[in-house]
Amino acid sequence: LGRFELSGIPPAPRGVPKIDVSFDIDANGILHVTAKDQSSGRSSDIRITNEKGRLSKADIERMLAEAEQFKQADEAQRERVTARNRLENYAFSVRSAIADAGNSKLSSEDAEKAKTATQEVLDWLDCSQLAEKDEIEHRLSEVQSVCSPIMAKLHGSTSCGGAGGQSSGCSGSGPTVEEMD
């Protein structure tokens with residue numbers, strides 16, 4: 001239908017660039033596509049008119065029916081990709097926090113344990129491109145069970161028993177939570 005390019009986006013870490021893309025169809029069947037980079041303010045757009053050689057009304061109806069037919073599969077894929085990204089981001093953030101801290105706040109045993117756990121998860125992600133959402137979420141909970149106590153030590157948190165991480169005997173520096181009826 002058409003093509004345009006949004007260039008001049010400054011380099012940034014994965015997940016940081018924010019690009020808004022909007023699709024508008026007016027009453028005459030003209031499609032307006034706009035893309036805008038939030039950090040630099042650069043934008044680009046294209047106007048696609050309904051000229052000869054384009055899709056017929058029957059083709060459009062058929063495509064809409066197919067889109068509706070595959071909507072559920074698309075949603076499952078979207079959830080799988082979201083879970084995969086969440087796991088990958090968690091592993092990279094733990095790895096980065098461990099590297100930034102060095103040996104100042106963590107024992108070498110804890111640092112090695114976290115590095116090993118995150119590397120195993122990243123290797124598994126590379127080998128398991130078609131893993132289902134449930135498998136990915138299970139791996140996330142596994143790596144969190146290993147890394148969360150280490151990250152708590154790293155950030156200087158104290159572990160307290162009881163619901164919500166608080167108990168009457170906890171002498172943590174954070175606020176206390178008291179239940180009221």
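This report walks through a predicted model of one protein chain, from its strands to its helices.

**Overall layout**

The chain holds four helices and three strands. Read from the N terminus, the elements run β-β-β-α-α-α-α. Of the 181 residues in the chain, 22% are buried. Now take the contacts in the chain with a separation of 6 or more. Residues 24 or more positions apart account for 56% of them.

**The sheet**

The three strands form an open sheet in the order 1-2-3, and the pairing is antiparallel. Strand 1 covers residues 19-25, and strand 3 covers residues 43-48. These two are the edge strands, and each pairs on one side only. From one strand to the next, the twist averages 10°.

Strand 2 covers residues 31-37. Seven bridges join strand 1 to strand 2. Six bridges join strand 2 to strand 3. Both pairs run antiparallel.

The table lists some residues that face each other across the sheet.

| Residue | Opposite residue | Strand of the opposite residue |
|---|---|---|
| Asp-24 | His-32 | strand 2 |
| Leu-31 | Ile-48 | strand 3 |
| Thr-34 | Asp-45 | strand 3 |
| Lys-36 | Ser-43 | strand 3 |

Two hairpins link these strands. The hairpin of strand 1 and strand 2 has five residues between the strands. There, Gly-29 takes a positive phi near 80°. The hairpin of strand 2 and strand 3 also has five residues between the strands. In that hairpin, Gly-41 takes a positive phi near 80°.

**Two faces**

In a regular strand the side chains alternate between the two faces of the sheet. Strand 2 shows an alternating pattern. Leu-31, Val-33, Ala-35 and Asp-37 point to one face and are buried. His-32, Thr-34 and Lys-36 point to the other face and are not buried.

Which residues of strand 3 point to one face and are buried? They are Ser-44, Ile-46 and Ile-48. Ser-43, Asp-45 and Arg-47 point to the other face and are not buried. The buried set in strand 3 includes a serine, Ser-44. The buried set in strand 2 includes an aspartate, Asp-37.

**Helix 2**

Now for the helices. Helix 2 has 31 residues, and at 1.5 Å a residue it should span 45 Å. Its end C-alpha atoms are 45 Å apart, so the expected span and the model agree. Just after helix 2, Gly-102 takes a positive phi of about 65°.

The buried residues of helix 2 pack against helix 3 and helix 4. Among them are Ala-83, Leu-87, Tyr-90, Ala-91, Val-94 and Ile-98. Charged residue types also appear in the buried set, including Arg-80, Arg-84 and Glu-88.

**The nonpolar core**

In soluble globular proteins, nonpolar side chains tend to be buried together. In this model, the largest nonpolar core has 24 residues. Leu-87, Val-94, Ile-98, Val-143 and Cys-147 touch the most other members. The elements that give two or more residues to this core are helix 2 (71-101), helix 3 (108-127) and helix 4 (133-154). Helix 2 gives the most, with eight residues.

What does Val-143 touch, not counting residues up to four places away in sequence? Val-143 touches Leu-87, Tyr-90, Ala-117, Thr-118 and Val-121.

Thr-118 is found in helix 3. Its relative accessible area is 0%, so Thr-118 counts as buried. Leave aside its neighbours within four places in sequence. Thr-118 is then in contact with Ala-91, Val-94, Arg-95, Val-143 and Cys-147. Three of these names, Val-94, Val-143 and Cys-147, also appear among the core residues that touch the most other members.

**Two cysteines**

Is Cys-147 buried or exposed? Cys-147 has a relative accessible area of 0%, so this residue is buried. Cys-127 has 69% relative accessibility. Exposed means over 50%, so Cys-127 counts as exposed. A search of the whole structure finds zero disulfides.

**Putting the picture together**

The chain starts with its strands and continues with its helices. The strands form an open antiparallel sheet. Strand 2 has one buried face and one that is not, and strand 3 also alternates. Further along, helix 2, helix 3 and helix 4 each give two or more residues to the largest nonpolar core.

How values were computed: Residues are numbered from 1 along each chain as its sequence is written. This is a predicted model: local features need pLDDT of at least 70, side-chain atom pairs count only at pLDDT 80 or more; totals for chains, interfaces and linings use all residues. Side-chain values use heavy atoms; hydrogens and water are left out. A nonpolar core is a set of buried Ala, Val, Leu, Ile, Met, Phe, Trp, Tyr and Cys residues joined through side-chain atoms within 4.5 Å. Buried means under 20% relative accessible area, exposed over 50%, partly exposed in between (1.4 Å probe, protein chains only). Contact means heavy atoms within 4.5 Å. The expected span of a helix is 1.5 Å times one less than its number of residues. A disulfide is a pair of cysteine sulfur atoms within 2.5 Å. Two strands pair if DSSP finds at least two bridges between them. Axes are lines fitted to C-alpha atoms, for helices over the stretch in contact, and angles run from 0 to 180 degrees between N-to-C directions.
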